[in-house]
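Student: I have the sequence and the model open. Can we work through the contacts together?

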Amino acid sequence: MFTLKGHSGSTGVRSVVFSPDGKRLASGSSDKTIKLWDTVTGKELITLTGHLGWVWSIVFSPDGKRLASGSADKTIKLWDTVTGKELLTLKGHLDVVRSVAFSPDGKRLASGSSDKTIKLWDTVTGKELFTLKGHLALVGCIAFSPDGKRLASGSIDDTIRLWDAVIGKELLTLKGYSVFSIIFSPDGKRLVSGNSDHTIKLFDTDTGTEMFTLKGHSG
């Protein structure tokens, strides 16, 4: 349909995400900016500036009114997607913030970092609610369950961990293989991981049992 041009970073666009209504696209780049685009016309709507390092991850809030971004500058920023105003800067991680995820109700934000931790934040006040520790290497991906009660985190330590997202307790450890991406099924009963060994694994989220491994990717 069209190509969106505007970022200038030498290593490119690191993350893209559609708004919940599909009318906008956000892109985060090594040029330290986030851009919002009109998905019908391809027009650049706004550029968000403020990060001091690469923007590794971005996510819209469920209502589409806010955007969260995680950066190599160790911070998370929350933005108003209409005005482009920076609403909050969340500080606490000791290394690159590689993944961010809103809870389904938009009241909490989870962040995964190269410092091996996951943090949960109040998206209204910016208060850090708690820090989840257990991974032995960087946390590259996180996902809330559809009901918001659980959080999954994937790491290059070859594990996925399931947490109680209300109290911060670890529930299960699932064995993967340098996990790059994770997502819950719509009913929350299964979790899927994309792994560095070119496989996709499906797990039962109640028992932690690996249901099956999908093979076929080669690179």
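Tutor: Yes, starting with the ground rules. This is a predicted model, where local features need pLDDT of at least 70, side-chain atom pairs count only at pLDDT 80 or more, and totals for chains, interfaces and linings use all residues. Residues are numbered from 1 along each chain as its sequence is written, and side-chain values use heavy atoms, with hydrogens and water left out.

Student: How many salt bridges does the structure hold?

Tutor: A salt bridge puts a side-chain nitrogen of Lys or Arg within 4 Å of a carboxyl oxygen of Asp or Glu. One of them pairs E86 with K77, at 3.1 Å from N to O. The structure's count is six.

Student: Is K77 buried or exposed?

Tutor: Buried means under 20% relative accessible area, exposed means over 50%, and partly exposed lies in between (1.4 Å probe, protein chains only). Its partner E86 has 31%, so E86 is partly exposed. K77 has 7%, so K77 is buried.

Student: Which residue forms a salt bridge with R161?

Tutor: R161 is buried, at 11% relative accessible area. The partner is partly exposed, at 28%. Their closest N and O atoms are 2.9 Å apart. The partner is E170.

Student: What is the N to O distance between E210 and K201?

Tutor: E210 is partly exposed at 35% relative accessible area. K201 is buried at 10%. Their side chains meet in a salt bridge, with N to O at 3.4 Å.
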